[in-house]
Each structure stands twice: as C-alpha cells, then as structure tokens.
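Open the model in your viewer and keep the sequence at hand. The tour goes from selection to selection and says what is found at each.

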Amino acid sequence: MARSLTLELARVTERAAIAAARLRGQGREKEADQAAVDAMRLELNLLPIDGTVVIGEGERDNAPMLYIGERLGTGDGPKVDIAVDPLEGTTLCAKDMPGAIAVTALAEAGSLLAAPDVYMQKIAIGPGYPAGLVDLDASPADNIGALARHKGVDPAQITAIILDRPRHMQLVAAVRETGAGIRLISDGDIAGIIHTANADATGADIYLGIGAAPEGVIAAGVLRCIGGHMQGRLILDSHDKRERAARMGISDPNRKYELHDMARGDVIVAATGVTDGALLRGVRFRPGLIETETVVYRSASGTVRRMLCEHRLLGDV
C-alpha cells in the first residue's frame with residue numbers, strides 16, 4: 001500500500017468524527033452513528049484503492065452503507081481489506097461522555113479476519129512479553145499471576161480493563177480475588193485494548209472479557225502495528241450465528257484466533273477523537289475552524305503519528 005494512504009486515511013476518520021461530534025450530547029445515538037457512517041463512506045470512496053469492507057456495520061441486509069462485502073474506493077489502487085467502526089461509543093457520543101472515537105483500518109487484501117457482527121471473547125496485553133504468557137482458556141488467576149510474575153510485581157499492582165457489563169460479573173469477581181485492580185469501562189473496547197500496549201503511561205496491563213467481534217479485529221490491527229499479544233474467539237451460540245459465520249468462510253466455530261489470525265501483513269489504522277478521552281482529544285468547534293486529534297498506526301513502518309489538525313473554511317465537513 002502506498003505511503004500516502006497513511007495520511008489519507010486520517011482524513012477518513014476526521015470527517016466521520018466531525019459529523020458525529022455535531023450531535024454530541026443530544027441523546028441521538030442512531031443519528032450520530034448514521035452521520036459518521038455517511039461521512040466515512042463518502043471519504044473512503046475518494047481513496048485510490050480497490051477496497052472491500054470485511055468489518056462493517058453489518059451484513060448487507062441489515063446495513064444500508066458500509067456493510068460487509070461493500071466495495072469502496074476509486075478502484076484504481078491496491079486491493080485492500082477495509083475495517084470500519086465509524087463511531088465507537090455511540091452512547092458515549094450521545095451523552096457527551098469520554099472516549100468516543102471514529103476508527104478505520106486498511107490492510108492488504110485477505111489480511112483481516114472477516115468476522116460477522118457477533119460477540120468475541122478477548123484477551124490482550126502489550127508488547128515485551130513472551131508469546132503464550134496469557135491465554136484465553138486460562139483462568140483469570142492464572143493470567144494475572146503469569147503477568148505479575150513476568151513483571152516481577154505483586155498481582156495487586158496489575159490492572160485489568162473490563163467492559164462494565166452484567167455478563168462480566170463472574171469475571172470481575174475472579175479478577176478481584178487475585179488482588180488485581182480493575183478499570184471498568186462503559187464502552188470503547190478498541191481504546192481499552194490499545195491502552196494495554198502502553199501500560200507505563202495508561203496503567204492498563206491486560207484486557208479481559210467479551211466485546212464485539214468487529215472491534216476485536218480492529219484492535220488486533222492496532223496491536224499488529226505497535227506490538228502486543230491478543231487472542232479472540234467468536235461467540236457463535238445460535239444456529240443463525242453459525243450460519244452467518246459459515247457464509248463468511250469460518251468453518252470452526254470454536255477456533256481460538258491469535259493476533260496474526262485476525263490481522264497480518266501491512267496494516268494501517270486511523271482513529272480520531274469524537275469526545276475527549278484518554279486516547280484522543282475530541283473535536284473542537286471554533287469560529288471559522290474545526291480542530292481534530294488523530295492517531296495513525298502502520299505496521300510496515302512501525303510508526304505512530306499523532307496529528308492535531310485545524311480544518312479551516314470547510315463548511316461541508
């Protein structure tokens with residue numbers, strides 16, 4: 001993929017973030033999400049790529065735009081997989097709470113796991129650890145203990161990020177029994193997983209729990225760029241979900257996916273803040289200009305670019 005796509009992808013998430021931010025705090029989740037989808041689709045179609053959405057807003061019948069299988073781009077460039085989350089944290093945006101972001105990933109064709117819009121069991125840690133140190137099938141006590149021993153600290157000095165959901169009650173209890181701390185997040189598990197890749201700054205050592213599969217694949221794309229370890233397993237607990245997965249080429253419904261199974265090859269991921277958060281500053285509307293903060297990751301170069309942008313005289317953005 002051309003190096004220029006690294007910066008051009010930032011424009012995609014900036015446009016989506018600005019569109020969603022116009023509805024911040026208004027309690028209109030669906031409208032904010034649709035605004036981000038429309039803006040992101042418009043900008044993706046301007047990129048010099050022959051792209052196919054593999055992680056989108058849903059299958060064709062349920063998503064009018066950015067559906068799985070949709071073709072995007074001018075068609076003149078490289079064949080790429082596209083993964084999108086136009087507004088991660090729709091509730092966060094609707095309530096003007098911290099952490100809503102717009103995210104897009106590009107990868108060489110066939111490089112991203114084409115996952116249906118179902119739940120995924122996930123575990124993730126940052127770089128600098130040996131492969132296999134933590135495992136999706138190990139108990140929370142074993143994973144926390146292994147991480148603590150490798151770091152040479154007491155389990156009480158380990159912090160786990162977990163989505164604050166009723167389904168995680170037993171997981172939360174098991175982690176607390178180890179003495180480890182827990183940072184409960186209301187939404188935004190892409191950012192939650194990214195935080196584990198910079199534990200010294202964020203204080204987040206491990207991500208545990210069940211979240212959406214599309215977000216899991218995008219997060220794997222980020223770790224592919226900046227380092228870390230991640231495993232995931234799709235939760236295909238109904239006949240319908242297993243059939244949907246089979247149509248997307250998933251033959252083993254119980255497979256445990258490693259990081260390289262979810263994202264490999266050259267991957268570029270861009271994220272722009274919608275609301276202020278630990279990862280990114282939210283969109284600012286000023287007289288005559290709009291300010292955004294974006295981070296772009298690329299695996300081929302191992303670079304992380306942070307961009308503060310002033311959009312002047314762009315009333316159509």
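Start by selecting strand β6, residues 159-163, together with β8: the two run parallel and are joined by 2 bridges. Within this pairing, Ile 161 is found opposite Tyr 207 of β8. The model is a predicted one.

Now add helix α5, residues 169-177, which lies across β6, β7 and β8. The direction of α5 is at about 155° to that of β7. Add helix α8, residues 213-226, as well; α8 packs on the sheet and touches β5 (119-125), β8 and β9 (229-234). Between the directions of α8 and β5 the angle is about 25°.

Next, show the whole sheet. How many strands form this open sheet, and in what order? There are 6, in the order β7-β6-β8-β5-β9-β10, and the pairing is mixed. The edges are β7 (181-185) and β10 (257-258); each has a single partner strand, so one side of each has no neighbour in the sheet.

Stay in this region and select Asp 205, in the loop between α7 (199-202) and β8 (206-212). Is Asp 205 buried or exposed? Its relative accessibility is 4%, so Asp 205 counts as buried. Show the side chains and look for Lys 151: a polar contact of 2.6 Å links the side chain of Lys 151 to that of Asp 205. The side chain of Asp 205 also reaches a backbone atom, the nitrogen of Thr 159, at 2.8 Å. Leaving aside residues up to four places away in sequence, the residues touched by Asp 205 include Ala 124, Ile 125, Gly 126, Leu 147, Gln 157, Ile 158, Thr 196 and Ala 199.

Move on to strand β13, residues 289-298. Why can β13 be called largely enclosed by the rest of the structure? The reason is that 10 of its 10 residues are buried. Colour the two faces separately to follow the side chains. On one side are Leu 289, Glu 291, Glu 293, Val 295 and Tyr 297, and on the other Ile 290, Thr 292, Thr 294, Val 296 and Arg 298; all of these are buried, and both faces are covered.

Then bring in the strands that pair with β13, beginning with β11. Strand β11 (residues 267-273) pairs with β13 in the antiparallel sense over 5 bridges, and Ile 268 stands opposite Arg 298 of β13. Strand β12 (residues 284-286) is also antiparallel to β13, with 3 bridges between them. Here Phe 285 is opposite Ile 290. Zoom in on the hairpin of β12 and β13, where 2 residues lie between the strands and Gly 288 has a positive phi near 85°.

Select β14, residues 303-312, to follow the next pairing: β14 runs antiparallel to β13 and is joined to it by 10 bridges. Ile 290 has His 311 as its bridge partner in β14. In the hairpin of β13 and β14 there are 4 residues between the strands, and Gly 302 takes a positive phi near 65°.

For the next stop, select helix α2, residues 29-44. At 1.5 Å a residue, its 16 residues should span 22 Å, and this agrees with the 22 Å between its end C-alpha atoms. Colour the buried residues of α2: Ala 32, Asp 33, Ala 36, Val 37, Ala 39, Met 40, Glu 43 and Leu 44. Among the elements that cover them are α1 (4-21), β2 (71-72), β3 (79-88), α3 (90-94) and β4 (101-108).

From α2, go to Leu 66, in the loop between β1 (50-55) and β2. With a relative accessibility of 0%, Leu 66 counts as buried. Its C-alpha is 6.6 Å from that of Arg 41, although the two residues are 25 apart in sequence. The contacts of Leu 66 include Val 37, Met 40, Arg 41 and Leu 44, and also Val 53, Leu 72, Val 84 and Pro 86.

Finish with the cysteines. The structure holds 0 disulfides. Select Cys 309 and show its sulfur: the closest cysteine sulfur, in Cys 93, is 19 Å away, which is too far for a bond. Cys 309 is partly exposed, at a relative accessible area of 25%. Cys 225, by contrast, counts as buried at 7% relative accessibility.

Terms used. Residues are numbered from 1 along each chain as its sequence is written. This is a predicted model: local features need pLDDT of at least 70, side-chain atom pairs count only at pLDDT 80 or more; totals for chains, interfaces and linings use all residues. Side-chain values use heavy atoms; hydrogens and water are left out. Buried means under 20% relative accessible area, exposed over 50%, partly exposed in between (1.4 Å probe, protein chains only). A polar contact is a pair of N or O atoms within 3.5 Å; within protein, one must be able to donate a hydrogen and the other to accept it, and residues adjacent in sequence count only if both atoms are side-chain atoms. Contact means heavy atoms within 4.5 Å. A disulfide is a pair of cysteine sulfur atoms within 2.5 Å. Two strands pair if DSSP finds at least two bridges between them. The expected span of a helix is 1.5 Å times one less than its number of residues. Axes are lines fitted to C-alpha atoms, for helices over the stretch in contact, and angles run from 0 to 180 degrees between N-to-C directions.
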